[in-house]
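Welcome, and please open the structure in your viewer. We will go from stop to stop, selecting a few residues each time.

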Amino acid sequence: MWKRISSALLFATSAALAERVELTRPVMGTLARITVETNDPPRAGLAIEQAFARLADLNAKLSDYDPLSELNRNPPRKSRDLQHVLHHAAELRRLTGGAFNHEAGTVIRLWRDARQRGVAPTPAQIEAARTAERKVDLGGIAKGYAAGEALALLRRHGFRRAMVAIAGDICVGDPPAGRPGWRIEVAPGSARRLLELHQSCVSTSGDAEQAFEANGRRYSHIIDPRTGHALTHPIGVTVVARQGIIADALATALSVTGLREDLLRRYHAAAIVWTPESTRESLFELFERARPIRAEQPR
Ligand code: AMP
Ligand code: MG
């Protein structure tokens with residue numbers, strides 16, 4: 001009895017002493033935020049610095065924007081990180097019949113340039129890009145991997161109550177003291193959900209922020225590599241998985257394929273898929289580390 005009370009007291013004391021240390025920095029063309037709950041803020045600050053250094057290291061390996069990245073060097077050196085990401089990307093390309101395709105870089109770049117100019121490419125340009133030499137683009141998978149790796153580094157330094165968020169790709173470790181999980185609001189398309197997560201990762205994809213309009217159509221930054229066309233049907237996908245690389249890649253893949261429960265089961269993941277017609281939540285019942293705690297009205 002006494003033992004139980006004393007450990008409860010100890011827990012309450014340490015929870016009261018816990019502080020949050022949080023830093024935000026530009027990383028991988030967006031902002032990354034790292035949060036650690038700790039009783040030792042100075043040491044946590046040092047660990048967070050190392051986690052940001054790891055993110056910079058991954059950017060130097062995986063970026064398709066940086067001409068000097070390992071990915072863009074010819075031939076690439078193939079670090080373990082690059083090999084690992086390429087392996088997962090190739091597997092998902094196979095399982096989706098090319099709906100997810102990390103080697104569609106030429107088409108992706110064509111549409112990226114089109115977005116900057118605000119003019120859609122012509123069918124001839126699309127066909128030329130689609131059949132051009134393959135070019136690797138890890139934009140649909142790298143940030144989730146990086147979030148998971150930064151979280152793993154924090155854990156190795158003893159900081160288990162932590163969260164790493166690289167834009168819409170987020171990984172969390174043990175829950176904050178006295179809580180069942182980290183509360184994270186996700187917004188796939190026009191849906192909104194509040195999730196409570198621990199030891200898992202969540203990624204959201206879709207055309208919310210990065211779409212552009214031309215000829216009265218809305219073009220997503222996600223393309224269907226099988227046709228070479230940017231997606232024009234509105235869709236928003238949130239995926240929860242144990243690994244960041246899986247959550248990120250699946251969210252991009254399901255944006256092209258729509259809901260694929262076979263893929264979710266294979267990777268032990270759950271998803272929210274929003275389209276203008278419906279919002280579907282799939283397999284959260286299997287995913288014990290995430291629960292939607294409040295379903296809000298669509299915006
Ligand atoms: P995300 O925000 O994770 O969904 O990733 C979007 C990024 O993934 C785009 O900016 C492209 O760099 C890349 N991408 C777009 N379409 C695809 C696709 N069908 N398969 C793989 N990567 C893609
Ligand atoms: Mg993705």
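Which residue just after α6 takes a positive phi? Select Gly158: its phi is about 90°. Keep in mind along the way that this is a predicted model.

**Stop 1: helix α6**

Now select the helix that comes before that glycine, residues 142-156. α6 has 15 residues, and from its first C-alpha to its last it reaches 21 Å, close to the 21 Å expected at 1.5 Å a residue. Colour its buried residues next: Ala142, Gly144, Tyr145, Ala146, Ala147, Ala150, Leu151, Ala152, Leu153 and Leu154. To see what covers them, show the surrounding elements, which include the helices α2 (41-62), α3 (80-95) and α7. Strands β2 (30-38), β3 (162-166) and β4 (169-172) are also part of that cover.

**Stop 2: the nonpolar cores**

Where do the contacts gather in the largest nonpolar core? This core has 61 residues, and those with the most contacts inside it are Leu55, Leu138, Leu154, Val239 and Leu250. Helix α7, residues 244-257, gives the largest share of this core, with nine residues. Apart from this core lies another one, of 16 residues; select Met163, Ile170, Val172 and Val202, which are among them.

Go back to Leu55 and show what surrounds it. Not counting residues up to four places away in sequence, Leu55 touches Val27, Met28, Ala32, Ile34, Ala146, Ala150 and Ile166. You have already coloured two of these, Ala146 and Ala150, as buried residues of α6.

**Stop 3: a magnesium ion**

Select ligand 2, the magnesium ion, and look for its protein donors. They are the O of Gly140, the O and OD of Asp248, and the OG1 of Thr252, lying 1.9 to 2.5 Å from the ion. Along the chain these donors follow the spacing G-x107-D-x3-T. Gly140 sits in the loop between α5 (123-130) and α6, while Asp248 is in helix α7, so this pair, 108 residues apart, links distant parts of the chain. Are Gly140 and Asp248 buried or exposed? Both are buried.

**Stop 4: a cavity**

Stay with α7 and turn to empty space. A search of the whole structure finds one cavity of 30 Å³ or more. About 50 Å³ of space lies in the largest cavity. Select its lining: His88, Leu92, Ile141, Ile245, Ile246, Ala249, Leu250 and Tyr267. Which helix supplies the largest share of this lining? That is α7, with four residues. Leu250 may look familiar, as one of the residues with the most contacts inside the largest core.

**Stop 5: helix α4**

Move on to residues 105-117, helix α4. This helix has 13 residues and reaches 18 Å from its first C-alpha to its last, close to the 18 Å expected at 1.5 Å a residue. Its buried residues are Gly105, Val107, Ile108, Leu110, Trp111, Arg112 and Ala114. Their cover includes α5 and the strands β8 (212-214), β9 (217-219), β10 (223-224) and β11 (229-230). After α4 comes Gly118, with a positive phi near 75°.

**Stop 6: Trp274**

Finish at strand β13, residues 270-274, where Trp274 is found. Why does Trp274 count as buried? Its relative accessibility is 13%, and buried means under 20%. Leaving aside neighbours within four places in sequence, Trp274 is in contact with Pro188, Gly189, Ser190, Ala191, Pro234, Ile235, Gly236 and Thr279. Try the distance from Trp274 to Gly189: they are 85 residues apart in sequence, yet 5.8 Å apart in space, C-alpha to C-alpha.

Key. Residues numbered from 1 in each chain as written. Chains lettered and ligands numbered in written order. Predicted model: local features only at pLDDT ≥ 70, side-chain atom pairs only at ≥ 80, totals over all residues. Heavy atoms only, no water. Core = buried A, V, L, I, M, F, W, Y, C linked by side-chain atoms within 4.5 Å. Buried < 20%, exposed > 50% of the residue type's maximum accessible area, 1.4 Å probe, protein only. Helix = DSSP H or I, 4+ residues; strand = E, 2+ residues; numbered from the N terminus. Contact = heavy atoms within 4.5 Å. Donors = N, O, S within 2.8 Å, 3.2 Å for Na, K, Ca; no water. Expected span 1.5 Å × (residues − 1). 1 Å grid on protein atoms, 1.4 Å probe; cavity = no way out; pocket = protein on both sides within 12 Å on 5 of 7 lines; lining within 4 Å. Points joined across faces, edges and corners; volume = space filled by probe spheres on them.
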